[in-house]
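The following exercises concern the reading of a single protein model. Please study the sequence and the structure before attempting each task.

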Amino acid sequence: MTYQEAMEQIRTVIPNEQILISQKEVSLLTGVSVKALNKDVREKKGIPHKVIRGKVFYAVTDVAKWMSDMVQTV
């Protein structure tokens, strides 16, 4: 999957104007469980994230890049 294909897939679920998405949305898009995403946050690895008021969010562009990298390396 290319970055562009990943962005198109994300945009079928997430509106164009939305920049940050929740862990639940990332989980639905990537198939990675929220529990695994939380573990990555604690270990400071995985998809780049931001913590805002105690909640974890991911930039749509970072998720697309991660998705394209994962598909190419598997």
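The exercises below move from the whole chain to individual residues, and the model they treat is a predicted one.

**Exercise 1. The overall fold**

Task: State how many helices and strands the protein has, give their order, and decide how the radius of gyration compares with the globule rule.

Solution.
Step 1. Counting the elements gives four helices and three strands.
Step 2. Read from the N terminus, these elements follow the order α-β-α-α-β-β-α.
Step 3. The radius of gyration is 12 Å, and the globule rule gives 11 Å for 74 residues. The two values are close, so the protein is as compact as a globular protein of that length.
Step 4. Along the principal axes, the C-alpha atoms fill a box of roughly 30 × 30 × 15 Å.
Step 5. Among contacts with a separation of 6 or more, 56% are between residues 24 or more positions apart.

**Exercise 2. Confidence and surface**

Task: Determine where in the protein confidence is lowest and where it is highest, and describe the exposed surface.

Solution.
Step 1. For the protein, the mean pLDDT is 89, and 95% of the residues reach 70 or more.
Step 2. Confidence is lowest in H4, with a mean of 83, and highest in helix H3 (residues 34-42), with 96.
Step 3. The protein exposes about 5000 Å², of which carbon and sulfur atoms supply 56%.
Step 4. Of the 74 residues, 28% are buried.

**Exercise 3. The buried side of a helix**

Task: Identify which residues of helix H1 (residues 3-11) are buried, and explain on which side of H1 they lie.

Solution.
Step 1. The buried residues in helix H1 are Ala6, Met7 and Ile10.
Step 2. Around the axis, these residues cover an arc of only 100°, and therefore they lie on the same side of H1.

**Exercise 4. Salt bridges**

Task: Find how many salt bridges the protein has, and work out which residues are linked in a network.

Solution.
Step 1. The criterion is a side-chain nitrogen of Lys or Arg within 4 Å of a carboxyl oxygen of Asp or Glu. By this criterion, there are three salt bridges.
Step 2. Lys39 pairs with Glu43, their closest N and O atoms lying 3.7 Å apart.
Step 3. Glu43 also pairs with Lys45, where the closest N and O atoms are 3.2 Å apart.
Step 4. Lys39, Glu43 and Lys45 are thus linked in a network of salt bridges.
Step 5. Each member of this network can be classified by its relative accessibility. Lys39 is partly exposed at 40%, Glu43 is partly exposed at 39%, and Lys45 is partly exposed at 42%.
Step 6. The remaining pair is Asp69 and Lys65, with the closest N and O atoms 2.9 Å apart. Both residues belong to helix H4 (residues 60-73) and are four residues apart, which is about one turn of the helix.
Step 7. Asp69 is partly exposed, at 32% relative accessible area, and Lys65 is partly exposed at 46%.

**Exercise 5. Buried or exposed?**

Task: Classify Ser27 as buried or exposed, do the same for Lys44, and give the distance between these two residues.

Solution.
Step 1. A residue is buried under 20% relative accessible area and exposed over 50%.
Step 2. Ser27, found in helix H2 (residues 23-30), has a relative accessible area of 17%, so Ser27 is buried.
Step 3. Not counting residues up to four places away in sequence, Ser27 touches Val32, Ser33, Val34 and Leu37.
Step 4. Lys44 is located in the loop between H3 and strand S2 (50-52). Its relative accessibility is 72%, so Lys44 counts as exposed.
Step 5. From C-alpha to C-alpha, Lys44 and Ser27 are 17 Å apart in space, with their positions 17 residues apart in sequence.

**Exercise 6. A residue and its surroundings**

Task: Locate Asp62, classify its accessibility, and name the residues in contact with Asp62 beyond its sequence neighbours.

Solution.
Step 1. Asp62 is part of helix H4.
Step 2. With a relative accessibility of 24%, Asp62 counts as partly exposed.
Step 3. When neighbours within four places in sequence are left aside, Asp62 is in contact with Ile47 and Pro48.
Step 4. Asp62 and His49 are 13 residues apart in sequence, and their C-alpha atoms are 8.2 Å apart in space.

Note on methods
Residues are numbered from 1 along each chain as its sequence is written. This is a predicted model: local features need pLDDT of at least 70, side-chain atom pairs count only at pLDDT 80 or more; totals for chains, interfaces and linings use all residues. Side-chain values use heavy atoms; hydrogens and water are left out. Buried means under 20% relative accessible area, exposed over 50%, partly exposed in between (1.4 Å probe, protein chains only). Helices (H or I, at least four residues) and strands (E, at least two) are DSSP runs, numbered from the N terminus. The arc is that of the directions from the helix axis to the C-beta atoms. Contact means heavy atoms within 4.5 Å. The radius of gyration is taken over C-alpha atoms; the globule rule is 2.2 Å times the number of residues to the power 0.38. Accessible areas come from the Shrake-Rupley method with a 1.4 Å probe; for residues, only the protein chains shown count as cover. pLDDT is the predictor's confidence in each residue, from 0 to 100.
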